[in-house]
Amino acid sequence: MPLPALFANLRLPVIASPLFIISGPELVIAQCKAGIVGSFPSLNARPVSQLDEWLHQITEELAAHNRANPDSPAAPFAVNQIVHKTNNRLDDDMAMCEKWQVPMLITSLGAREDVYAAAHRWGGIVLHDVINNRFARKAIEKGADGLVPVAAGAGGHAGSQSPFALMQEIRQWFDGLVALSGAIAHGRSVLAAQALGADFAYIGSAWIATQEARAEDSYKNAIVDSGAEDIVYSSLFTGVHGNYLRSSIINAGLDPDNLPESDPSKMNFGSGGNTGVKAWKDIWGSGQGIGAVTAIEPVASRVARLEQEYREASAALNANSAPFLK
C-alpha cells in the first residue's frame, strides 16, 4: 500500500514515539526538521492552555522552516492521546488538536471510535498502539487508520511478543499503515522493521539522550551507559507491564530482581502504587535497543547517523542477498 501524501517529506521511514515528560516542542520541532515524524503526549503540556501554546509554536516554526527550505520541508508531527477512561482531559485536548488541525494522532490504552471519527473530520490520520493481534483487530474495526505494534523490548509500556510473530499475524489480514516498535535505535533495525512488513520504525528511547529532550542529565547519561541487560520488565509502577532502567530502580531503593506484580485492575499510570516512587519521574522508562546510543547529541546528528546506518545496511543486504535472488 502506497504511503499517504502526508509522509512525502520523510528522510527516513521513522516515527519518533511520544515520550512522557520528555517530549516537548523543542524535541518535536528538531525531529520534524531533521526529516522524521516528531510526536509528544498531549498530557506533557500542563495545563490545557499550554497545549494550545505548544501546538502554536510547533505549527508556526515548522511553517517558517518550510518557507525557508522549500527543497527540504519538515516532516509532519503527531500528538499522542491517552484515551483511557482515567484521562479527564481528553475532550479538551482533542478540541485543541482540532483547532490546530494536527495532522496525525497516536492513541494509547483503548480504541475509541469517537476519537478516530473526530480526527478524520479535520483530515487527520490515527495510529493506535497495540501489544497483540486481538487488540490490533479491535482498533482497525473501530476506525483507526493504522497500528503501532509494541513488541518485546520497547521502552515504557510494552508487550511481550516477538516482533516477528506480531508483525506476521497482523500482516496476514491488514495491509494499512504499520509502525513497528521494540528495541529500535540503529539504522540497521529500521531496515529490519521494513523487512518484517512495517512501513515505519517507531523509535523512542534513543531520543532521550539528545540535547533537545526534556530529560535530566542523569537520565540521559544512564541511557548512554546502559544496554539491553540493564532493562527490567515490570507492572509494579503503573499497573501495566513496561520496561525500565535497572539503575533507576536501584536508586529508588528497590530490588529490580524481586519486584512484586501490580494488580492490573488498579492501573495508576505513574503513582508507583505503594512503592513511594513515581514511574517516569523516579523510575525511568527505556527500551532494550539503547546499546546503540553512545553519546548525548543533537537530534539532527542522531538522524544523520540513522540515515548513514540505514544506507549502509541496505547496501550490505542487497549485496548479501544477490546470490539467493537469481
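These notes walk through a predicted model of one protein chain, from its overall form to single residues.

1. **Overall make-up.** The chain contains 10 helices and 11 strands. Its C-alpha atoms fill a box of roughly 55 × 50 × 40 Å along the principal axes. The radius of gyration is 19 Å. A compact globule of 326 residues would come near 20 Å, so the chain agrees with that expectation.

2. **Inside and surface.** Of the 326 residues, 53% are buried. The accessible surface comes to about 14300 Å². Carbon and sulfur atoms hold 50% of that surface.

3. **Contacts along the chain.** Take the contacts with a separation of 6 or more. Residues 24 or more positions apart account for 64% of them.

4. **Charges.** The chain carries 25 positive and 33 negative charges. How far apart are the mean positions of the two sets? They are 2 Å apart.

5. **The largest core.** The largest nonpolar core has 77 residues. Which residues have the most contacts inside it? They are L55, F77, L105, I203 and W207. L55 is worth tracing. Beyond its neighbours within four places in sequence, L55 is in contact with F40, F77, V79, M96, C97, W100 and V102. F77 thus appears both in the list of core residues with the most contacts and among the contacts of L55.

6. **Another core.** Apart from the largest core lies another, of 18 residues. I125, V148, A154 and A179 are among them.

7. **I36, a buried loop residue.** I36 sits in the loop between α1 and β2. Is this loop residue buried or exposed? I36 has 0% relative accessibility, and therefore counts as buried, the cut-off being under 20%. Leaving aside neighbours within four places in sequence, its contacts are L10, L12, V14, A16, Q31, A75, P76, W207 and V303. One of these, W207, is also listed among the residues with the most contacts inside the largest core. A315 is 279 residues away from I36 along the chain, and their C-alpha atoms are separated by 21 Å.

8. **P25 in helix α1.** P25 belongs to helix α1, which covers residues 25-34. P25 is buried, because its relative accessible area is 1%. Neighbours within four places in sequence aside, P25 is in contact with W54, Q57, I58 and R214. E61 is 36 residues from P25 in sequence. Their C-alpha atoms are 9.8 Å apart in space.

9. **A cis peptide bond.** Most peptide bonds are trans. The bond from R46 to P47 is cis, with omega near 0 degrees. Where is P47 found? P47 is in the loop between β2 (38-41) and α2 (48-68).

10. **L109, with positive phi.** Most residues other than glycine have a negative phi. L109 is not a glycine, yet its phi is positive, at about 60 degrees. L109 lies in the loop between β4 (104-108) and α4 (113-121). With 26% relative accessibility, L109 is partly exposed.

11. **A183, with positive phi.** A183 is likewise a residue other than glycine with a positive phi, here near 65 degrees. Its loop runs between β8 (177-181) and α7 (187-195). A183 has a relative accessible area of 30%, so it is partly exposed.

12. **N221 in helix α8.** Helix α8 covers residues 217-225 and includes N221. Why does N221 count as partly exposed? Its relative accessible area is 36%, and partly exposed lies between the cut-offs of 20% and 50%. N221 and T294 are 73 residues apart along the chain. Their C-alpha atoms are separated by 9.4 Å.

13. **R305 in helix α10.** R305 lies in helix α10, residues 299-321. R305 is partly exposed, since its relative accessible area is 39%. G187 is 118 residues from R305 along the chain. The C-alpha atoms of the two are separated by 7.7 Å. On the G187 side, helix α7 spans 187-195.

Key:
Residues numbered from 1 in each chain as written. Predicted model: local features only at pLDDT ≥ 70, side-chain atom pairs only at ≥ 80, totals over all residues. Heavy atoms only, no water. Helix = DSSP H or I, 4+ residues; strand = E, 2+ residues; numbered from the N terminus. Rg over C-alpha atoms; globule rule 2.2 N^0.38 Å. Buried < 20%, exposed > 50% of the residue type's maximum accessible area, 1.4 Å probe, protein only. Contact = heavy atoms within 4.5 Å. Areas by Shrake-Rupley, 256 points an atom, 1.4 Å probe, with all protein chains shown as cover. Lys, Arg positive; Asp, Glu negative; His and termini not counted. Charge placed at Lys NZ, Arg CZ, Asp CG, Glu CD. Core = buried A, V, L, I, M, F, W, Y, C linked by side-chain atoms within 4.5 Å.
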